[in-house]
Amino acid sequence: MTATKGLEGIVATTSSVSSIIDGILTYRGYDIDDLAENASFEEVIYLLWYGKLPKAAELTRIRDELSAAAAIPEQVVDLIRLFPKNANSMAALRSATSALALYDGEADDMTKEANLRKAVRLQAQIPTIIAAFSRIRDGKEPIAPKAGATIAENFLYMLSGEEPSDVAVKALDKALVLHADHELNASTFAGRVTVATLSDIYSGVTSAIGALKGPLHGGANEAVMAMLEEIGTLENIDPYVNRKLENKEKLMGFGHRVYKNGDPRAKHLQKMSLELGSQTGDLKWYEMSIRIENLVTGLKGLKPNVDFYSASVYTTLKIPRDLFTPIFAISRCSGWTAHILEQYENNRLIRPRAEYVGPSTQKYVPVERR
Ligand code: ACO
């Protein structure tokens, strides 16, 4: 038995949710470029869960279901009030999402119908948790979800308490479409491993949130913004990047396990970053990002991933830096739950082996003789 570090190249399951073939990402066979230009996030959620694009009545139904399920139990709001004001936002999301299960009477109902209803509640309530956490730590009261609003509109509204602009809603909606699913990434795999024990969907999504938190995965978008802020100006870029590469340190937002010729989602976020920057008259972060991309690609051949330009997009939307990864979770919840539903449909316990590299057989020695 020989281990493959990082499971690189290992095919761990079959899936019909999304694919990455020859650098092209598809959800249920639809190219991400097509979906990014044309589909709303709610259409994508339906597509991921049901395997087909919704007809008009089906789209209305899923929007209504998501909107009706967006309020979180009062006990979970009370729990969030107890979190330290400086809590890590992904840790807060992980804890509050886990707590949702305690107040869901169907939490352990493993029928397909109940799991779909719970997927709706998770998808609808994760944005409400994040907005409530953000407001409570700022000493403000959480805002109840707005009936009939889309997930993107509602999230921005619950965060700021103000009606978001159409431009902001469209930009966030597109970012949510782009992040919704990505084959067997680390968080999705974590979610599938958890539910393959026949544990419940809340446990699966909680595991996935924990995996997304890390800076090698979803946490990279925050790290990109931290890097841009640390660099500060265009003039500081060259010495900063050169120093990082010389020291063999990683530049956040670059590289990918699967894409070696570029992440197909990055160009959409780059375009969005330019458009939003032009509209607000603040192109600083966009221009810095372009300079960093040119330098890193030129020197190291590394291309930006989905996280690189999402940093400047969210900053231009005035979203606090530590909510970037939680926003990723809003989007990826659709993919996690689609994969979890798929896992339940054709389940087998996921239990790989390890190549043992510890000491060879030893004899027990009583404590007084060690
Ligand atoms: N900056 C500098 N060098 C890099 C980077 C980077 N961002 N990414 C990879 N490399 C280099 C490594 O140093 C290594 O070089 P070496 O062979 O000379 O030692 C080589 O490229 C291979 O890198 P690995 O880390 O082994 O590649 P792996 O496939 O395990 O990792 C990962 C992929 C984690 C995404 C990596 O590229 C990385 O750490 N990127 C920065 C973090 C990031 O942006 N994560 C978000 C990924 S997208 C997502 O999860 C949504």
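**View 1. Strand 1 meets strand 2.** In this predicted model, strand 1 covers residues 18-21 and strand 2 covers residues 24-27. The two run antiparallel, and 4 bridges join them. Want a couple of pairs to look for? Ile21 has Ile24 as its bridge partner in strand 2, and Ser19 is matched with Thr26 in strand 2.

**View 2. The turn from strand 1 to strand 2.** Now zoom in on the hairpin that strand 1 and strand 2 make. How many residues sit between the strands here? There are 2. Have a look at Asp22 in this hairpin: its phi is positive, near 50 degrees.

**View 3. Strand 2 meets strand 3.** Strand 3 is made of residues 30-31. Strand 2 and strand 3 also run antiparallel, with 2 bridges joining them. Thr26 turns up again in this view: its bridge partner in strand 3 is Asp31, while Ser19 has Thr26 as its partner in strand 2. The hairpin of strand 2 and strand 3 has 2 residues between the strands, and in it Arg28 takes a positive phi near 50 degrees.

**View 4. The whole sheet.** Step back a little, and the 3 strands form an open sheet in the order 1-2-3, with antiparallel pairing. Why is one side of strand 1 and of strand 3 left without a neighbour in the sheet? Both stand at the edges and have a single partner strand each, so there is no neighbour on the other side. As a bit of background, strands in a sheet pair through backbone hydrogen bonds, and they can do so either parallel or antiparallel.

**View 5. Who surrounds the ligand.** Next up is the ligand, whose space is the largest pocket. It has 19 residues around it, and the closest are His217, Lys250, Leu251, Gly253 and Arg257. What kinds of residues make up the shell around the ligand? They divide into 9 nonpolar, 5 polar and 5 charged.

**View 6. Polar contacts of the ligand.** Here you can pick out some oxygen-atom contacts one by one. His217 brings an N or O atom of its side chain to 2.8 Å from an oxygen atom of the ligand. For Gly253, a polar backbone atom is the one to find, 2.8 Å from a ligand oxygen atom. With Asn305 you are back to a side chain, where an N or O atom is 2.9 Å from an oxygen atom of the ligand. On its own, the ligand has 910 Å² of accessible area, and the protein covers 69% of that.

Technical notes: Residues are numbered from 1 along each chain as its sequence is written. This is a predicted model: local features need pLDDT of at least 70, side-chain atom pairs count only at pLDDT 80 or more; totals for chains, interfaces and linings use all residues. Side-chain values use heavy atoms; hydrogens and water are left out. A residue is near a molecule or strand if one of its heavy atoms lies within 4 Å of it. A polar contact is a pair of N or O atoms within 3.5 Å; within protein, one must be able to donate a hydrogen and the other to accept it, and residues adjacent in sequence count only if both atoms are side-chain atoms. Accessible areas come from the Shrake-Rupley method with a 1.4 Å probe; for residues, only the protein chains shown count as cover. On a 1 Å grid over the protein atoms alone, a cavity is a set of points where a 1.4 Å probe fits but cannot get out, and a pocket is an open set with protein on both sides within 12 Å along at least five of seven lines; lining residues have an atom within 4 Å of a point. A molecule sits in a cavity or pocket if more than half of its atoms lie within 2 Å of its grid points. Ala, Val, Leu, Ile, Met, Phe, Trp, Tyr, Cys and Pro count as nonpolar, Asp, Glu, Lys and Arg as charged, and the others, Gly among them, as polar. Two strands pair if DSSP finds at least two bridges between them.
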